[in-house]
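Grab a coffee and open the viewer. Try each exercise yourself before you read its solution.

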Amino acid sequence: MSMAGSVVLAVAASAAMAQSPSLVGTYDGRQMEMAAALELLADGRFRYGLAYGALDEQAAGKWIVRGDRVLLTSDRVTAPRFGLVSQSKGAPGVLRVDLDVPKGLSRQYFNAVITKANGQTERKQLAEDGLSLPFAAAEAPSAIRLLLPMFDVASGPVRLDANSGYSVRFRFEPNDIGKVAFQATPLKLVNGALLLDRHGRTIRFRRTGQ
C-alpha cells in the first residue's frame, strides 16, 4: 500500500471514531441544587449549560468519542482577569484594597488572600466599598492576591512593603466570564449515561426521552 493510501485510511479511521450517531441527542443532568444540560449535535458540535447556586456557566464547541469517553473541547474562550491599577502608601498601618468592577457585579463576590511576612495567610471577603484592614508593624502584609471563587479566577500576587505602599487598586475584566474552556475534557459513558466531574460533584447526564 502506498503512503498516500495509508494516510487516507488513517484519516477515515479517525473520522469514524469521532462519529457516533447513537450518542447524538439532548441530555439532562439535573440533581439536587443543580440544573445541567448537554446537547451533542450530529455535526460534531456540543452545547452545555449548568446552574449551581449562584454559579451559571455554559460552553459550546466540538465533541468526539474516544473509547468509552466523550471528549469536549470548547471554542476559544478569553478568560476573566485581574489587573493592578495602582499602588500607593495610603494611611499608615492600614491595608486598603479597592476593586473596579463592571456595573451590576457585586464586590462581595470577591476575596482577598493576604500573606504576612511570617508566611501565614488570611482570607477576607471584600465589602461593596472594598477592604480596609489595620495591621500591627510586626504583622505587616507582604503580598496580596484577589480571588473570584465562584469562577475559580485569581490574580497574580502583588508584593507589599513600606516602600511600594499598602493601598492597592485592582480592576476586574470579566471577558468571557461564565464560559467554560473545556480542553478534551472527558465524560465517561456508563450504562447509557455520560458522567462529568465538575465542581466537586459527578454530573450524570441522561438522554431525554429515554
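What follows is a short set of exercises on this predicted model, each with a worked solution.

**Exercise 1. How far can you trust the coordinates?**
Find the mean pLDDT of the protein chain, and work out over which residues the pLDDT is below 50.

*Solution.* Start with the whole chain: its mean pLDDT is 89. Next, see how the residues spread, and you'll find that 90% of them reach 70 or more. Now go to residues 1–17, where the pLDDT is below 50. That stretch has four contacts in the model beyond near neighbours in sequence. Where pLDDT is low, the predicted coordinates should not be read in detail.

**Exercise 2. Classify two ring pairs that share Phe82.**
Take phenylalanine 82 with phenylalanine 110, then with phenylalanine 172, and decide for each pair: stacked, tilted or edge-to-face?

*Solution.* The structure holds six aromatic pairs, and we'll work through two of them.

Step one is Phe82 with Phe110. Their ring centres are 5.9 Å apart and the planes sit at 80 degrees. Edge-to-face calls for over 60 degrees, so this pair is edge-to-face.

Step two is to place these rings on the chain. Phe82 belongs to strand 6 (residues 81–88), while Phe110 is in the loop between strand 7 (94–100) and strand 8 (111–116). The pair therefore ties together parts that are 28 residues apart in sequence. Both of these phenylalanines are buried.

Step three is Phe82 with Phe172. Here the centre-to-centre distance is 5.1 Å and the angle between the planes is 55 degrees. An angle between the stacked limit of 30 and the edge-to-face limit of 60 counts as tilted, and tilted is what this pair is. Phe172 lies in strand 14 (residues 167–173), 90 residues from Phe82, so you have a link between distant parts of the chain. Phe172 is buried, just as Phe82 is.

Want one more set of rings to look at? Phe46, Tyr48 and Phe182 form one aromatic cluster.

**Exercise 3. Buried or exposed?**
Sort lysine 116, leucine 160, glutamate 33 and aspartate 152 by relative accessibility.

*Solution.* You need two cut-offs: buried is under 20%, exposed is over 50%.

- Lys116, in strand 8, comes out at 17%, so this lysine counts as buried. Leaving out neighbours within four places in sequence, Lys116 is in contact with Glu122, Glu139, Ala140, Pro141 and Ser142.
- Leu160 sits in the loop between strand 13 (158–159) and strand 14. At 4%, Leu160 counts as buried. Its contacts, with neighbours up to four places away set aside, include Gln87, Leu95, Pro141, Ile144, Tyr166 and Val168.
- Glu33 has 63%, so Glu33 is exposed. Look for this glutamate in the loop between strand 1 (25–28) and strand 2 (34–40).
- Asp152 has 73% and is therefore exposed. Asp152 is in the loop between strand 11 (141–148) and strand 12 (153–154).

While you're at those last two, check the backbone. Glu33 has a positive phi of about 70 degrees although it is not a glycine. Asp152 is not a glycine either, and its phi is positive at about 55 degrees.

**Exercise 4. Two threonines and their surroundings.**
Which residues are threonine 26 and threonine 73 in contact with, beyond four places in sequence?

*Solution.* Begin with Thr26 in strand 1. Its relative accessible area is 36%, so Thr26 is partly exposed. Contacts beyond four places in sequence are Leu38, Glu39, Arg206, Arg207 and Thr208.

Then move to Thr73 in strand 5 (residues 69–74). At 30%, Thr73 counts as partly exposed. Beyond four places in sequence, Thr73 touches Phe46, Gly61, Lys62, Phe182, Gln183 and Ala184. The C-alpha atoms of Thr73 and Gly61 are 5.7 Å apart, with their positions twelve residues apart along the chain.

**Exercise 5. Describe the largest pocket.**
What is the volume of the largest pocket, and how many residues line it?

*Solution.* The volume first: about 280 Å³. The lining comes to 17 residues, and Phe151, Lys179, Val180, Ala181 and Arg198 lie nearest the pocket's centre. Finally, split the lining by class: ten residues are nonpolar, two are polar and five are charged.

Technical notes: Residues are numbered from 1 along each chain as its sequence is written. This is a predicted model: local features need pLDDT of at least 70, side-chain atom pairs count only at pLDDT 80 or more; totals for chains, interfaces and linings use all residues. Side-chain values use heavy atoms; hydrogens and water are left out. Rings of Phe, Tyr and Trp (its six-membered ring) pair if their centres lie within 6.5 Å; planes under 30 degrees apart count as stacked, over 60 as edge-to-face and the rest as tilted. Helices (H or I, at least four residues) and strands (E, at least two) are DSSP runs, numbered from the N terminus. Buried means under 20% relative accessible area, exposed over 50%, partly exposed in between (1.4 Å probe, protein chains only). On a 1 Å grid over the protein atoms alone, a cavity is a set of points where a 1.4 Å probe fits but cannot get out, and a pocket is an open set with protein on both sides within 12 Å along at least five of seven lines; lining residues have an atom within 4 Å of a point. Grid points are joined across faces, edges and corners, and a volume is the space filled by probe spheres set on the points. Ala, Val, Leu, Ile, Met, Phe, Trp, Tyr, Cys and Pro count as nonpolar, Asp, Glu, Lys and Arg as charged, and the others, Gly among them, as polar. pLDDT is the predictor's confidence in each residue, from 0 to 100. Contact means heavy atoms within 4.5 Å.
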